[in-house]
Every structure is written in C-alpha cells, then in structure tokens.
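Visitor: I would like to learn how to read the charged side-chain pairs in a model such as this one. Could you take me through them in order?

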Amino acid sequence: MLVEINKTDYSRYLVNEYDINEYNEYNSWTDGNGKLHKDVTRTYIQGTLHLKLTESAYNKFLTDIQSVKTDKTYTMKVHVNNLAQAKEITTYMDFYPVIKKDLTSGKIYSIIDISIEQM
C-alpha cells in the first residue's frame, strides 16, 4: 500500500482496511433490439483509508495536507487496489480524527478516517 502526501510516505501508519479503487461511470442505453450498451463517461479513484498517528505525526500530517491543498482539493499519491499500481491524483478529501490515549504508556494517538474522491 502507498499513501504519500507532500513527499511523506504515511503507509507505515495504515490500519484496518485500505479501500482505494478506480471506478467507472457509464452512460447506458438500450437499443431497439433490447440490447444494453454502456459508454464510459468518467473514470475516477475513490475510497477510504485509516491512519494511526502519534501526536507529532498527526501535526506533520496537518502540515503536509495544507502544503498540497489547492482551493478545495489535495494532491496525493495512493496505491489503487484494482489497478495494482500507484497514482498521483488530485482529490477531494474529508478526514475525521479520533484522539485516543494509551492508558498504559500515556501516549496520545489519532486514528484518522480519510475519504477521498478524485475530481
């Protein structure tokens, strides 16, 4: 798996599922003989990933995403599961951190759910 933002590889922080795939949107129509036809109108990358970051890594993540933000989009490099290759994309991104404290060590972590959709 690969998640790279601002030339920082966040792959080692991945947890749980990594669901980044390429999808097709179609314009479909049925001809006079009842046969279905589909034309690809758009191909895009979309999905979710989850990162577990230390407090300092979370602060770096925030700095990195601000560095690659243009208006409302972000540039990042991701591994696309169904293509089995990495692609640099411009994407809309939503992320929602949950801050957790490890009671045995006292360390604070952020578990971040990230959703992306290529524009």
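Visitor: By about how many helical turns are Lys60 and Asp64 separated in helix 1?

Guide: The general idea is to compare sequence spacing with the element that holds both residues. In this predicted model, Lys60 and Asp64 both belong to helix 1 (residues 55–67), and because they are 4 residues apart there, about one helical turn separates them. Their side chains form a salt bridge, with the closest N and O atoms 3.0 Å apart.

Visitor: Which of the classes, buried, partly exposed or exposed, applies to Lys60, and which to Asp64?

Guide: Each partner should be read on its own, since buried is reserved for values under 20% relative accessible area. Lys60, at 39% relative accessibility, counts as partly exposed, whereas Asp64, at 1%, counts as buried.

Visitor: How many salt bridges does the structure hold, and which residues are joined into one network by shared partners?

Guide: The structure holds 3 salt bridges, and here one looks for a residue that recurs from pair to pair. Glu25, Arg42 and Glu117 are joined into one network by salt bridges that share partners. Arg42 meets Glu25 at 3.2 Å, N to O, and Arg42 also pairs with Glu117, where the closest N and O atoms are 3.9 Å apart.

Visitor: Where along the chain do Glu117 and Arg42 lie, and what does the pair tie together?

Guide: For such a pair, one places each residue in its element and then reads the spacing in sequence. Glu117 lies in strand 8 and Arg42 in strand 4, so this salt bridge ties together parts that are 75 residues apart in sequence. The pair of Arg42 in strand 4 (residues 36–54) and Glu25 in strand 3 (residues 19–30) likewise links distant parts of the chain, with the two positions 17 residues apart in numbering.

Visitor: How accessible are Arg42, Glu25 and Glu117?

Guide: Arg42 is partly exposed at 25% relative accessibility, Glu25 is partly exposed at 34%, and Glu117 is partly exposed at 32%.

Visitor: What is the mean pLDDT of the protein chain, and which element has the lowest mean?

Guide: Where pLDDT is low, the predicted coordinates should not be read in detail. For the protein chain the mean pLDDT is 93, with 99% of its residues reaching 70 or more. Among its elements, strand 8 (residues 108–118) has the lowest mean, 92, and strand 6 (residues 73–80) the highest, 96.

Methods:
Residues numbered from 1 in each chain as written. Predicted model: local features only at pLDDT ≥ 70, side-chain atom pairs only at ≥ 80, totals over all residues. Heavy atoms only, no water. pLDDT = per-residue confidence, 0-100. Salt bridge = Lys/Arg side-chain N within 4 Å of Asp/Glu carboxyl O. Buried < 20%, exposed > 50% of the residue type's maximum accessible area, 1.4 Å probe, protein only.
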